[in-house]
Amino acid sequence: MEKGILNCCPGAVTARDAIFRVSQYSKKKEGKSAFTLSEVLIVISVIGLVAALTIPTLITRWQEKNWVTENDVFKNRLYQGVSQMHARGRLTGRTTTQAFVAELQNFMKITQVCQSNNLGACFTSSIDDGASNPTTYQTATDFNQNWGTGVLGLKLANGSSIILAYNPTCGLDPAAAGEEVAKCSVAAIYDTNGEAGPNKTGLDIQTFNWGEPDTGCFEGGEEYDGYCFSPWFYSGDLTPYNTCDTGTPYHTENNGSCHTDRWAAAMDECKRIGGHLPTGGYTNPGTEAFVLRKYTVEKGWWAFFWSGDVVDHGGPGDTSMVGIISPMISGGNGGYGASMSRDSDGYAVCVK
């Protein structure tokens, strides 16, 4: 018989029995603490569900934070560039956006400059929220700024892109800097990440220094039949374009010849004051041209006025002739009874 404390009394548990029972109890405890396969699968499913719900939110928040950072970086670079120009006395004294950008290139890393008739080479033509196509912008009035200047597209070394217009009348205290200088000198739309998406206003697409839309009539103008018409002006008093100038939005070259383009000058004058030349053909009721003809009859303006429509009188692709609006002629081709060459002197009335 085994000796020891556990053997001191009849019926007592032997040492061997005690060890065996402790071992069995431990095995039972181990069996109870283990997970079954179904329990493991449930836990994994819950983890996957939580991840599916939270990870997209985390990614979106990261992207939004990244867009805010990129926006701040872009504006700071613009502020620094124009501030350095101003500090060196090289911001003002220019009359065109082209001249401004030529100087800005000394202070910002610009890799490409796009003229107004080729903005799509520098900027996206499709914005996800259905906003207007920025590659159709031509003058500062597209930014609601009446500065009388055109626009240019730029690509920067960091991949961002911008369409901007310059204010030639900007006047500042010599000590001005940063945002104050930028708001005085430029208006723009920019894309912080260039060709990458989502191309959505408020995220990677941002605007800078846009004026309030002009919802009133022209100064000195008059409301008539649902339209606002400007006072008439003579296009011969405006600085004309040349049709072979590829740097303008009205570039055209017919039969290898170039000529003065006074119609284009009238088009730009209307854009400068926030309007456009009337279109639609004056034999077509309800169009701008139709209403303008009625208006000129009532005003007693017996003259020829430019329309905004190119009239095909020289065959397909010939853009040298445009329609004219006058009480003195009846409608014909395209709703116009007559047309004039774009190099002619003509009168104009803007509409909006």
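This passage walks through disulfides found in a predicted model. A disulfide is a covalent bond between the sulfur atoms of two cysteines. Searching the whole structure turns up four of them, and three are described here, taken in the order of their residue numbers.

Start with C114 and C122. Their sulfur atoms sit 1.9 Å apart, and the two residues form a disulfide. The twist about this S-S bond comes out at about 75°, so the bridge counts as right-handed. As for the surroundings, both C114 and C122 are buried.

Next up is the pair C170 and C184, again a disulfide, with 1.9 Å between the sulfur atoms. Here the S-S torsion is about 125°, which makes the disulfide right-handed. C170 belongs to the loop between β3 (161-166) and α4 (179-185), while C184 is part of helix α4 itself, so the bond ties together parts that lie 14 residues apart in sequence. Buried means under 20% relative accessible area. With a value of 6%, C170 is therefore buried, and at 15% C184 is buried too.

The last pair covered is C270 and C350, joined by a disulfide with an S to S distance of 2.0 Å. Its torsion is about -85°, so this disulfide is left-handed. C270 lies in helix α5 (residues 262-272) and C350 in the segment after β14 (347-348), so the link ties together parts that are 80 residues apart in sequence. C270 and C350 are both buried.

Technical notes:
Residues numbered from 1 in each chain as written. Predicted model: local features only at pLDDT ≥ 70, side-chain atom pairs only at ≥ 80, totals over all residues. Heavy atoms only, no water. Disulfide = S-S within 2.5 Å. Buried < 20%, exposed > 50% of the residue type's maximum accessible area, 1.4 Å probe, protein only. Helix = DSSP H or I, 4+ residues; strand = E, 2+ residues; numbered from the N terminus.
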